[in-house]
Amino acid sequence: MANLETSLKECLSAIDGATAAALVDYTSGMALGTLGGTKDFNLEVAAAGNTDVVRAKLRTMEHLGLNEEIEDILITLSSQYHMIRLLRSRGGNGLFLYLVLDSSRANLAMARHQLRRIESELEV
């Protein structure tokens, strides 16, 4: 099992094109840990803002009566991919991993695979 700091470092080193990663509590909107980002990309603001995305999707699923679990949410921008992976591990309820990728260097299938592996090894 890996701790938070190790898992965030692995996100940036093992996933091609990854530029930022965070573990976020979507019940409060607070980032529990962040790594990466730039002066022009505030990872704390992005993490908090994406809690609204998760909450909206969960609320919509509830209204539709969908008895499913969200694996991940992908947002594609012109130069970036933003991946949100809800934690399923014990103790991970209400948390998600947030990953920002440079779309010119990233392979989405591999990024999903690696993020799933990192999430499964994360001990919260």
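This is a short talk on the fold, the salt bridges, one pocket and three single residues of this protein chain.

First, the ground rules. This is a predicted model, in which local features need pLDDT of at least 70 and side-chain atom pairs count only at pLDDT 80 or more, while totals for chains, interfaces and linings use all residues. Residues are numbered from 1 along each chain as its sequence is written, and side-chain values use heavy atoms, with hydrogens and water left out.

Let me begin with the fold. The protein chain has three helices and five strands; helices (H or I, at least four residues) and strands (E, at least two) are DSSP runs, numbered from the N terminus. Read from the N terminus, the order is α-β-β-α-β-β-β-α. The C-alpha atoms fill a box of roughly 40 × 35 × 25 Å along the principal axes. The radius of gyration, taken over C-alpha atoms, can be set against a globule rule of 2.2 Å times the number of residues to the power 0.38. For 124 residues a compact globule would come out near 14 Å, and the protein chain has 14 Å, so the two agree.

Of the 124 residues, 43% are buried. Buried here means under 20% relative accessible area, exposed means over 50%, and partly exposed is in between, with a 1.4 Å probe and protein chains only. As for contacts, meaning heavy atoms within 4.5 Å, residues 24 or more positions apart account for 56% of those with a separation of 6 or more.

Next, charge pairs. Side chains of opposite charge can pair when their charged atoms come close. A salt bridge is counted when a side-chain nitrogen of Lys or Arg is within 4 Å of a carboxyl oxygen of Asp or Glu. How many salt bridges does this rule give? The count comes to 11.

I will take three of these pairs. In the pair of E10 and R117, the closest N and O atoms are 2.7 Å apart. E10 sits in helix α1 (residues 4-14) and R117 in helix α3 (residues 108-121), so this pair links distant parts of the chain, 107 residues apart. R117 is partly exposed, at 25% relative accessible area.

The second pair is E69 with R88, at 3.3 Å from N to O. Both partners are in loops: E69 between α2 (43-64) and β3 (72-76), R88 between β4 (80-86) and β5 (95-102), with 19 residues separating them in sequence. Are the partners buried or exposed? E69 is exposed, at 58%, and R88 is partly exposed, at 44%.

The third pair is R112 with E71, whose closest N and O atoms are 3.5 Å apart. R112 lies in helix α3 and E71 in the loop between α2 and β3, so the pair ties together parts 41 residues apart in sequence. R112 is partly exposed at 31% relative accessibility, and E71 is partly exposed at 37%. These two also belong to a network of salt bridges made up of E71, D72, R85, R112 and E119.

Now the pocket. On a 1 Å grid over the protein atoms alone, a pocket is an open set of points with protein on both sides within 12 Å along at least five of seven lines, and lining residues have an atom within 4 Å of a point. The volume is the space filled by probe spheres set on the points, which are joined across faces, edges and corners. The largest pocket has a volume of about 180 Å³. It is lined by 13 residues, and the closest to its centre are Y26, E69, L86, L87 and N93. So E69 appears here as well as in its salt bridge with R88. By class, the lining has six nonpolar, four polar and three charged residues; Ala, Val, Leu, Ile, Met, Phe, Trp, Tyr, Cys and Pro count as nonpolar, Asp, Glu, Lys and Arg as charged, and the others, Gly among them, as polar.

Last, three single residues. I118 lies in helix α3 and is buried, at 1% relative accessible area. Leaving aside neighbours within four places in sequence, I118 is in contact with S7, E10, C11 and I15. The C-alpha atoms of I118 and C11 are 7.3 Å apart, with their positions 107 residues apart along the chain.

A2 is in the segment before α1 and is buried, at 12%. Not counting residues up to four places away in sequence, A2 touches S7, E121, L122 and E123.

T27 is in the loop between β1 (18-25) and β2 (30-36). T27 is exposed, at 56% relative accessible area, and its contacts beyond four places in sequence are R55 and G94.

Terms used. On a 1 Å grid over the protein atoms alone, a cavity is a set of points where a 1.4 Å probe fits but cannot get out, and a pocket is an open set with protein on both sides within 12 Å along at least five of seven lines; lining residues have an atom within 4 Å of a point.
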